[in-house]
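Please look over the sequence and the model below. A short report on the fold, the strands, the pockets and the cysteines comes after them.

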Amino acid sequence: MMKVAILGHGTVGSGVAEVLTSHAESIARRAKEEIEIQYILDIRDFPDSPLHDRFTKDFNQILQDPEVKIVAEVMGGLHPAFDYVKACLENGKSVVTSNKELVAAKGAELLKIAQKNNLNFLFEASVGGGIPIIRPISQCLAANEVLEIAGILNGTTNFILTKMIRESMTFEDALALAQKLGYAERNPAADIEGHDACRKICILASLAFGKHVYPEWVHTEGITKVTLSDVEYADAWGGVIKLIGSVKHTDNGKIMIMVAPMMIPRESQLANVDDVFNGILVRGDETGDVVFYGKGAGKLPTASAVVADIIDCVKHVKARKYLYWDDATADYVEDYRKNETLMYVRATAEDCDALFDKADALFGGVSRLSRFDAPENELAFYTEKLMSEAVIEEKLQQLQQMGAQVDMTIRIADL
């Protein structure tokens, strides 16, 4: 009998308890041992729960119980989650978590403690919710050199963009609908400003390339400036706008990593990942492009990934799984301004034809885009030659000195 504790009884925590109890027989068969919930930590009372006798408000009760070998942290946030997880690992308990903020900020430190104590720190649910991605990268694709990872990593922003693309909803209306349906929080900043996707791409980058990447090192843009005009111009170009988290190796041993809205062609495997679904593309030197698709959040999808990690811990209770990366310094991340890309530009000017000619000369070739009922003073185009973002920024400043107002820029991704 393997006894476990669950830290938190919110959406995911209650899902973990539900999966462990409702699937107890099949889980025991797969784990080769019965798994029993010994404690559930929460400051609230749940008198109507069938597990009401397992609840505790005292973390130390869990920490000091030698029978508890595995702890599932599903509280979210950094504090007190980090202190609790660290204490568990230092006191002989393996930990599984769905907490992306924790793994992105403290993963290297916690993995080092786990390694030192011959324990497991697993976090399959922290990136794709119910989508398997940590194990496939660390195990199934282990024979590959991962060249690049790019993905739609946030269901809320993807839902909003889908409504803008399919139903011509404004950003504000699509966000309000997402909140009404429970896809977006009352304060949606973590989603719409790109912070959630940033944490996830940091975890994937750390895993794939072996060094910890901290969120504060990553250039991050959200979707709040994307308008229906941009969506229509993307359609005219031949694609859609998605919030993409991407990371790839550079020739100098660093990584190029960012989160930003990007235009991707309709032929891309990510272009048809819609609504609250996530899609993660892993580009390997031997496999080519492999895409993982599914619901990136939700009570039971996320809980199933947490329980899968618990089963893994039961199987490896005396044999640590190899999941590890080293710490790193900020110079490991390349300046995003060195990123070479094509760029979509939307601008306003008194004479759009003259502005187009100037842009064409400045960028060594641009293509004009059109949309129905566009204002006469609006010009949209995309660059035809790869240039670093620093050079593009410099040329856009020159355009503005010539009387143009640059209203929006969006990278064009090769995905």
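The report starts with the overall chain and then turns to local features.

## Overall chain

This is a predicted model. The protein chain holds 15 helices and 17 strands. Its C-alpha trace spans about 75 × 45 × 35 Å along the principal axes.

The radius of gyration is 24 Å. A compact globule with 415 residues would have a value near 22 Å, so the chain agrees with that expectation. Of the 415 residues, 55% count as buried.

## The parallel sheet

An open sheet is built from 6 strands. Their order is β3-β2-β1-β4-β5-β6, and the pairing is parallel. The edges are β3 (55-56) and β6 (121-122), each of which pairs on one side only.

At the β6 edge, the partner strand is β5 (residues 94-97). These two strands are joined in the parallel sense by 2 bridges. V96 stands opposite L122 in β6.

## β9 and its neighbours

Strand β9 is mostly covered, with 9 of its 11 residues buried. It runs antiparallel to β7 (residues 146-152), and 4 bridges join the two. E148 has K248 in β9 as its bridge partner.

β9 is also antiparallel to β10, through 11 bridges. H249 is bridged to I255 in β10. The two strands form a hairpin with 5 residues between them. In the turn, G253 has a positive phi of about 85°.

## The largest pocket

The largest pocket encloses about 1100 Å³ of space. It is lined by 40 residues. Closest to the centre are K100, E185, D196, A297 and G298. By class, the lining has 18 polar, 13 nonpolar and 9 charged residues.

Which helices supply at least two residues of this lining? They are α1 (11-22), α5 (100-116), α6 (125-128), α8 (155-167), α10 (189-192), α11 (195-209) and α13 (299-315). Of these, α6 gives the most, with 4 residues.

## The second largest pocket

About 570 Å³ of space lies in the second largest pocket. Its lining has 21 residues. Those nearest the centre are E148, K248, N339, E340 and T341. E148 and K248 are also the bridge partners named above for β9.

Strands β9 (239-249), β10 (255-265), β13 (340-348) and β17 (405-412) each give two or more residues to the lining. The hairpin of β9 and β10 therefore has both of its strands among the contributors. By class, the lining divides into 9 nonpolar, 8 charged and 4 polar residues.

## Cysteines

The structure holds 0 disulfides. C198 is in none, and the nearest cysteine sulfur, that of C202, is 4.2 Å away. The cut-off for a disulfide is 2.5 Å, so a sulfur pair at that distance does not qualify.

Are C198 and C352 buried or exposed? C198 has 3% relative accessibility and counts as buried. C352 has a relative accessible area of 5% and is buried as well. Both values fall under the 20% cut-off, which means that each residue belongs to the buried class.

How values were computed: Residues numbered from 1 in each chain as written. Predicted model: local features only at pLDDT ≥ 70, side-chain atom pairs only at ≥ 80, totals over all residues. Heavy atoms only, no water. Buried < 20%, exposed > 50% of the residue type's maximum accessible area, 1.4 Å probe, protein only. 1 Å grid on protein atoms, 1.4 Å probe; cavity = no way out; pocket = protein on both sides within 12 Å on 5 of 7 lines; lining within 4 Å. Points joined across faces, edges and corners; volume = space filled by probe spheres on them. Nonpolar A, V, L, I, M, F, W, Y, C, P; charged D, E, K, R; others polar. Pairing = 2+ DSSP bridges. Rg over C-alpha atoms; globule rule 2.2 N^0.38 Å.
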